Amino acid sequence: MATLLVDKRDQLFVLNEMLHIEELCRHPKFKEVSGFEMVLTEAHRFARSVFLPTIEPGDREGCAFDPKTASVKLPECFQSAYEKFKEGGWLAMCDSREVGGDGFPMSIGTAVAEIFYAAGFYIFGAAELCHAGAKVLELFGTDDQKALYMTRLYSGEWMGTMCLTEPDAGSDVGAIQSTATPNADGTYRLTGTKIFISAGEHDLTPNIIHMVLARVEGDSPGTRGLSLFIVPKYLSDDNGNLGERNDVVCTGIERKMGLHGFPTCTIAFGDKGHCTAYLLGERGKGIMEMFHMMNEQRLLVGVQGLSYTSAAFLHAVEYARNRKQGSSVYAARSEAEEQVTIVTHPDIKRMLLTMKAYAEGGRALAYYIGWCIDHAGVTDGQERERWHGLVGLLTPVLKAYLTDNAWQMTGLAIQCAGGNGYCSDYPFERLARDCKVAAIYEGANGIQAIDLLFRKLLADKFVHFSELMKQIDQTIIVAGSNSSLESCANAVKDIKDKLEQVVTHLIALAEAKNMPSLYAKAAPLLETIGDVILGWMHLWQLTIAYPRLKELDGEETEPETLCKKKDGAFYYGKVACARFYIETLLKRTDGKISELRSDADPVVYMFDKSFSG
Ligand SMILES: Cc1cc2nc3c(=O)[nH]c(=O)nc-3n(C[C@H](O)[C@H](O)[C@H](O)COP(=O)(O)OP(=O)(O)OC[C@H]3O[C@@H](n4cnc5c(N)ncnc54)[C@H](O)[C@@H]3O)c2cc1C
């Protein structure tokens, strides 16, 4: 079953052959890290034996809220799975040894996260929130706060949450109403209601540490006036011995389309007037501090999207290899009577290739961003700034592009499996239900697109975008130098050049202060940039896989014979998939580019009264 979650051979291709992870691991920062292939093998084993069995009870039983005790009960099997996860020390695998981590590169951590999300989102997703909380404490906490909370969150002894959303403050974080009043002893008294809080209440750990955005009474309105607070469910002494229950109450859980095993809670802070909160970092700098949590989560949500695409694709391949329907369109007429497996039908192959292209292109992009983070960690000065800039630019693309694709790809997987795809005896419909929210939380994808256009492109004066384009150019040159890959190199160059012309158009709109038109173009722009980057990833993979295939090919072996060997089948698939993306799917991006360059503004001139009679 593990192989139906994430293709380990492809993971190793990206890490070893594409990103040359062994070179990165030679850096002194990673010198104590070894055996990452063993770590991946262990992650697959762990995912299969510990996380995967929690999926079915998580989805079917879900979480139960008891209004009498204001508690949330998770399925029985979650407890032991979480204990094993905690004992395995997986949570801090990429953190420094000083904070109890193992110091692995992020590129490897990303590969592990993909496996764990695919096998057990309900537990791993909740655990990742405590990691984000620990990280923000590491960056902004006092020594005492680090000793009490950070260490317990990194180890998983306590879990954490991230509390932004309120009934009237979703995307509009600046509208937060939660209020903090200073107490004489330096603590604060917090009041407010937060909704949709992931892992806000559960029975996995004895304490839950909420990271809450609120406004100190009298501070400025909007995001600038927000501060970040540590609000424990139980107050404790300095050694972590639990004491009095804080005035933090779960008042219900949201009933959701998917993620049934992942508690999403409404939390009332300070209804009885005595919710104790501790300021984290500087007063009024809460949003900037919270961004550290959010950026980590955004990257992870992109990986979450990838994991659904990956699992849906592999299950669809398996299904199509076994289901027999219809006769072969490849066979001569007289032979065409026999039923064949549907994997041989061109339309099914088209859908499977599409899923493979988004899964493997998305994987390359996600690990590449991890690799950029690793490079930022081992360089300094302008070089470090360059890597950071690339990560910042690519974060909204990864988050939105991979999660939008996950929704479409899980839909395609259902289609491949026909009626069974729609039924809960198979995993397809759950994957589709569970994946949709990834396009909504951590900043809905429309908000990611606005962030990309206004902050990461226009405000940055396209500096890091130009850097990205240079990197794409380098791959185009390498691919173009091989006559067999020249047409693919030209196709990527053509669409990349057109994207750069779009930029000129966007700058003109910005100079003309045509804001409605710019906002209307934000989401199509993100999608187009995602398409071009995926084209780059596939071209890059082609420059590696094609020569490897030729080495195996010897004297022009027939493809069917070649594919009987494991490596032959793998590289043949990589080449076929890259060509399919570049020569077929990427062609559609031309139309999106025309849309972006068009002066027609039907969206801008549509008015609310005209949407319906
Ligand atoms: C399962 C689940 C788990 C969650 N976990 C957490 C959590 O742990 N912590 C937490 O704080 N929150 C959490 N959330 C809340 C989540 O982050 C919000 O749902 C999300 O930010 C969107 O806010 P909203 O639902 O209020 O939608 P709205 O803000 O009302 O947005 C609705 C639509 O309008 C669009 N929109 C809104 N404003 C603009 C604008 N200015 N310009 C263009 N388009 C706009 C959005 O893109 C979206 O498509 C969770 C939600 C869910 C469903």
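A residue is counted as near a molecule or strand when its C-beta atom, placed from the backbone, lies within 6 Å of it. Around the ligand there are 20 such residues, and Gly-170, Ser-171, Ser-198, Ala-444 and Gly-446 come nearest. The model is a predicted one, in which local features need pLDDT of at least 70 and side-chain atom pairs count only at pLDDT 80 or more, while totals for chains, interfaces and linings use all residues. Residue numbers start from 1 along each chain as its sequence is written.

The shell around the ligand draws at least two residues from each of β3 (159–163), β5 (188–198) and α12 (445–458). Here helices (H or I, at least four residues) and strands (E, at least two) are DSSP runs, numbered from the N terminus. By character, the shell holds eleven nonpolar residues, eight polar ones and one charged one; Ala, Val, Leu, Ile, Met, Phe, Trp, Tyr, Cys and Pro count as nonpolar, Asp, Glu, Lys and Arg as charged, and the others, Gly among them, as polar.

On a broader scale, the protein is divided into domain 1 (2–140), domain 2 (153–289) and domain 3 (457–600), with bounds that come from an automatic or database domain assignment. Between the C-alpha centres of domain 2 and domain 3 the distance is 43 Å.

Helix α5 (residues 106–140) rewards a closer look. Its end C-alpha atoms are only 21 Å apart, whereas a straight helix of 35 residues would span 51 Å at 1.5 Å a residue (the expected span is 1.5 Å times one less than the number of residues). A kink of about 130 degrees is centred on Gly-120, the bend being the angle between axes fitted to the seven residues ending at a residue and the seven starting there. Because 32 of its 35 residues are buried, α5 is largely enclosed by the rest of the structure. Buried means that 20 or more other C-beta atoms lie within 10 Å of a residue's own, exposed that 12 or fewer do, and partly exposed in between, with C-beta atoms placed from the backbone.

The loop between α4 (77–87) and α5 contains Gly-89, which is partly exposed, with 14 other C-beta atoms within 10 Å. Thr-403, in helix α9 (residues 381–416), is buried, with 29 other C-beta atoms within 10 Å.

Finally, strands β8 (residues 234–236) and β9 (residues 242–245) run antiparallel and are joined by two bridges; pairing requires that DSSP finds at least two bridges between the strands. Ser-236 stands opposite Leu-242 in β9. Five residues lie between the strands of this hairpin, where Gly-240 takes a positive phi near 85 degrees.
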